[in-house]
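User: Hello! I am new to this structure and would like to get to know it step by step. Could you walk me through it with some questions and answers?

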Amino acid sequence: MTLKELFETKYLPVRLRGKAKDTIRLYRMMLKLWKDYLGREPTLEDLTDEGVAAYLTWYQNRPRVTKARSVNNRAAQVRALWEFAARKGLVKQFPDMTKMPEPEFIPQAWTQEQLGKLLESCDQERMQVGRQPAHVYWRTLILFMLDSGERSGATLKIEWSHYDEESGVMRVPAEIRKGGLKAARYVLREETKAGLKTMRMVDPAAVKIFGDTKMHRSNFYKRYCRIIERAGLPSGQHDKFHKLRRTYATFIESVGGDATEALQHSDRRITRKSYLDREMLGMDNHVFHVPVPPDFKPMIEVCDGGEFVPQEGG
């Protein structure tokens, strides 16, 4: 039996019933990549520690550098499918796999000054996004994400039917959000409401607020990257749309709010580990120096003509 057959006929109906479409897509992607590696469909016979390790090593060493977290996500999908097969008696052995160490991530948010530069850069956009003036589209999109902390994927799926123009409340159904189980309700600021009003007048026939752009996903992110770069701001991997979500969480905490509740996280540790800018919140200001004798004078090396000369510190 191929692993594709196992997944489609047994695992998917039993274990992923009711799960988000993106979860199913990622499992299928894992199997497709495994097929690319082997040059054929993977089968139950490929569920060995050595075989899986070789696949994951290939995946990690692809031309596009893959991070440990991504490798661990793929490994978790393989493990789940393998353990299911073992419990059903389709294979004899259970997996014996360990996670790759993942480097610690330090969350960073945009400062108020940086947000000002980002919005100013939006105002310099001159092309259209779909039927919308680009400067209106991008400014309103960013303001909405700062009002809500919503993920970009869900934001692009929001429809006009989800928005109450009179109250300025956006109700995002669970079906289009990550996990597909939790809905969200956001009260928008006046500037965001004004931007939405303009967008509605420009294209009253649109169904999706930000998603009816006819723009390829890659071009969408490239244009946002251009806006960031024009603002003179960092534009690395962790400076894209999710940084707006981290900014939302950090500012919620800065005024005494609960970012864990606002982001609908099930565990406070997730919020602290991946979303709160500890430096901005002053959470890392616990400086402690080991006490030394009061007459202690360190020896400091000073560069003098290319040589380091020890000097007594004062």
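Analyst: Happy to help; the turns below go through the sheet, the charged side chains and a few single residues of this predicted model.

User: Let us begin with the sheet. In which order do its three strands stand?

Analyst: The sheet is an open one, and its pairing is antiparallel. β3 (163-164) and β5 (184-187) stand at the edges with a single partner strand each, so one side of each is left without a neighbour in the sheet. The order of the strands is β3-β4-β5.

User: How many bridges join β3 to β4?

Analyst: β4 covers residues 169-172 and runs antiparallel to β3. Y163 has M170 in β4 as its bridge partner, while D164 stands opposite V169 in β4. The number of bridges joining β3 to β4 is two.

User: Which residue takes a positive phi in the hairpin of β3 and β4?

Analyst: This hairpin has four residues between the strands. A phi near 70 degrees is found there, and the residue that takes it is G168.

User: On the other side of β4, which residue in β5 stands opposite R171?

Analyst: β4 and β5 run antiparallel and are joined by four bridges. Opposite R171 stands the β5 residue R185.

User: Now to the charges. How many salt bridges does the model have?

Analyst: A salt bridge needs a side-chain nitrogen of Lys or Arg within 4 Å of a carboxyl oxygen of Asp or Glu. One of them joins the side chains of K35 and E41, at 3.6 Å from N to O. By this rule the count of salt bridges is 20.

User: Are K35 and E41 buried, partly exposed or exposed?

Analyst: Residues between the limits of 20% and 50% relative accessible area are called partly exposed. K35 has a value of 38%, and E41 has one of 25%. Both values fall between those limits, so K35 and E41 are each partly exposed.

User: How far apart along the chain are R268 and E253?

Analyst: R268 and E253 form a salt bridge, with their closest N and O atoms 2.8 Å apart. The pair links distant parts of the chain: R268 belongs to helix α12 (residues 268-274) and E253 to helix α10 (residues 241-254). Along the chain, their separation is 15 residues.

User: Which residue of that pair is buried?

Analyst: The cut-off for buried is under 20% relative accessible area. R268 has 32%, so R268 is partly exposed. The value of 19% falls under the cut-off, so the buried residue is E253.

User: What is the relative accessible area of R269, the salt-bridge partner of D267?

Analyst: The closest N and O atoms of D267 and R269 are 2.7 Å apart. D267 is partly exposed at 23%. R269 counts as exposed, with a relative accessible area of 63%.

User: Which residues are linked with E125 in a network of salt bridges?

Analyst: E125 belongs to a network of salt bridges. The residues linked with E125 in this network are R223, R226 and R230.

User: Which residues form a positive surface patch with K10?

Analyst: K10 lies in helix α1 (residues 3-15). Patches are made of residues with over 30% relative accessible area and no salt bridge. K10 has 33%, so K10 is partly exposed. The other members of the patch are R15, K19, R87 and K88.

User: Let us end with some single residues. Is N72 buried or exposed?

Analyst: N72 is found in helix α4 (residues 68-87). Its C-alpha atom is 15 Å from that of W34, and the two residues are 38 apart in sequence. The relative accessibility of N72 is 8%, so N72 counts as buried.

User: What separates the C-alpha atoms of K157 and L281?

Analyst: K157 lies in the loop between α7 (152-155) and β3, and is partly exposed at 42%. Along the chain, K157 and L281 are 124 residues apart. In space, their C-alpha atoms are separated by 32 Å.

User: What is the phi of Q264?

Analyst: Q264 is found in the loop between α11 (259-262) and α12, and is partly exposed at 27%. Most residues other than glycine have a negative phi. Q264 is a residue other than glycine with a positive value, near 60 degrees.

Key. Residues numbered from 1 in each chain as written. Predicted model: local features only at pLDDT ≥ 70, side-chain atom pairs only at ≥ 80, totals over all residues. Heavy atoms only, no water. Pairing = 2+ DSSP bridges. Patch = residues over 30% accessible without salt bridge, like charges linked within 9 Å, V, L, I, M, F, W, Y side chains within 5 Å. Areas by Shrake-Rupley, 256 points an atom, 1.4 Å probe, with all protein chains shown as cover. Lys, Arg positive; Asp, Glu negative; His and termini not counted. Charge placed at Lys NZ, Arg CZ, Asp CG, Glu CD. Buried < 20%, exposed > 50% of the residue type's maximum accessible area, 1.4 Å probe, protein only.
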